[in-house]
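Welcome to my notebook. I kept these entries short so that you can follow along with the structure open beside you.

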Amino acid sequence: MKYITLNDKVRMPALGLGTWKAQGDIVIQAIINAIKMGYRHIDTAMIYDNEVEVGQAIAKAIDLGLCRREDLFITSKLWNDRHDADDVLPALEASLKRLNLNYLDLYLIHWPVAFKSGVILPESSQDYQPLSKAPLAATWKAMEAVKRTGLTKAIGVSNFTLHHLESLNADSETPAVNQVEMHPLLTQKALRDYGKKHGMVLTAYAPLGSTDRAEGMKAQDEPDLFELSELKLMAERYQCTPAQLLIAFHINRGDSVIPKAVQTTHLSDNLAAASIELSKEDLTALEGLNRDYRFINGHFFDCPEQGYDWVFAHP
Ligand SMILES: NC(=O)c1ccc[n+]([C@@H]2O[C@H](COP(=O)([O-])OP(=O)(O)OC[C@H]3O[C@@H](n4cnc5c(N)ncnc54)[C@H](OP(=O)(O)O)[C@@H]3O)[C@@H](O)[C@H]2O)c1
């Protein structure tokens with residue numbers, strides 16, 4: 001397994017297991033299977049409503065002697081109703097309690113959008129905190145403070161554009177990780193350049209196009225990454241599946257990637273994909289497919305009344 005060293009020297013396995021939309025016994029079994037196969041990095045979040053099961057799976061895997069806690073890299077995320085500085089530590093402690101862990105490896109601000117306390121999904125503009133009252137710089141300062149408690153080894157952000165990163169205080173720590181949507185149709189060149197310059201690693205979410213999310217979240221004419229003709233032809237050459245090529249793309253670029261899978265064949269195919277070596281020319285050809293296309297477009301959090309334009313409006 002390839003590892004990436006984060007800016008604070010924490011080592012993160014480049015391939016992780018995504019768990020959004022995986023719940024109950026299915027996610028428990030998937031995680032145990034994954035750890036048995038060799039996965040060591042698991043991505044969850046308060047909003048996925050599966051932290052208890054993720055914790056149960058980790059405990060079982062350790063009990064079975066498949067790994068030790070220190071071999072694992074566990075990420076969770078601060079939900080949008082916990083951006084007030086005083087709420088960050090209790091939110092992390094609540095995640096740890098659900099996960100039955102005494103530390104996380106990585107804690108992320110999930111979205112650069114703040115809701116009022118207790119709001120899980122907003123129903124009106126009244127459910128948002130005005131951007132002026134909930135600056136990201138203040139939430140990030142509180143993230144720096146929770147890192148000093150040792151309850152998380154590293155801190156980062158998710159769904160941040162350059163615009164959000166630049167709104168953090170100039171003297172603040174650079175987020176160790178920015179977890180964003182990334183695949184050949186959305187290569188995130190500007191964020192990757194920023195990451196290289198400032199020491200911030202990108203983790204690719206929805207690397208396979210997030211095909212199992214609710215129909216209501218999908219655009220009518222959504223592209224199918226597995227059906228891109230250039231990608232299919234290249235996969236044939238490498239004797240792998242299009243899904244494997246999509247995963248190998250990130251590992252070969254030096255980024256991290258967290259495909260979600262619960263089916264055993266998917267889990268093993270994805271792990272094998274992390275060892276596929278792509279030529280420079282093929283990587284460049286895949287990058288050439290970019291058209292800044294987002295499967296998860298973020299419009300569900302538009303709220304101009306409270307200062308939130310489209311979250312991805314500014315590069
Ligand atoms: N920070 C954020 O805001 C954010 C947003 C979205 C996602 N994420 C994280 O990123 C993870 C991945 O993104 P995602 O879950 O949206 O979508 P994804 O990983 O792009 O796609 C998941 C779908 O691909 C299928 N799949 C997995 N491996 C496959 C393979 N080898 N061949 C064919 N199909 C395969 C899965 O099937 P099975 O499950 O049936 O095996 C599932 O239906 C999430 O689970 C979550 O942890 C973070």
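How do the residues of the shell around the ligand divide into nonpolar, polar and charged? I found 11 nonpolar, 13 polar and six charged. I counted Ala, Val, Leu, Ile, Met, Phe, Trp, Tyr, Cys and Pro as nonpolar, Asp, Glu, Lys and Arg as charged, and the others, Gly among them, as polar.

A note on the basis: this is a predicted model, where local features need pLDDT of at least 70, side-chain atom pairs count only at pLDDT 80 or more, and totals for chains, interfaces and linings use all residues. Residues are numbered from 1 along each chain as its sequence is written.

**Entry: the ligand.** I looked up its surroundings and found 30 residues (C-beta atom, placed from the backbone, within 6 Å of the molecule). The closest are G18, Y205, S210, D212 and K260. Helix α9, residues 264–273, gives the most to this shell, with three residues. Helices (H or I, at least four residues) and strands (E, at least two) are DSSP runs, numbered from the N terminus.

**Entry: the sheet.** Next I traced the strands. Eight of them form an open sheet in the order β3-β4-β5-β6-β7-β8-β9-β10, with parallel pairing (two strands pair if DSSP finds at least two bridges between them). β3 (17–18) and β10 (256–257) are at the edges with a single partner strand each, so one side of each has no neighbour in the sheet.

**Entry: around β5.** I stopped at strand β5, residues 73–78, where six of six residues are buried (20 or more other C-beta atoms within 10 Å of a residue's own, with C-beta atoms placed from the backbone). Three bridges join β5 to β4, residues 41–43. Here D43 has T75 as its bridge partner, and I42 stands opposite I74. From β4 the chain reaches β5 through helix α2, residues 51–63, in a right-handed β-α-β crossover (with the strands pointing away from the viewer, the path from the first strand over the helix to the second runs clockwise). Four bridges link β5 to β6, residues 104–109, and K77 stands opposite L108 in β6. The chain crosses from β5 to β6 through helix α3, residues 85–99, and this crossover is right-handed too.

**Entry: the cores.** Last, I looked for nonpolar cores (buried Ala, Val, Leu, Ile, Met, Phe, Trp, Tyr and Cys residues joined through C-beta atoms within 7 Å). The largest has 80 residues, and I31, Y107, M143 and I247 have the most contacts inside it. Helix α8, residues 242–253, supplies the largest share of this core, seven residues. Apart from this core lies another of 10 residues, among them W111, F115, C303 and Y308.

Terms used: A residue is buried if 20 or more other C-beta atoms lie within 10 Å of its own, exposed if 12 or fewer, and partly exposed in between; C-beta atoms are placed from the backbone.
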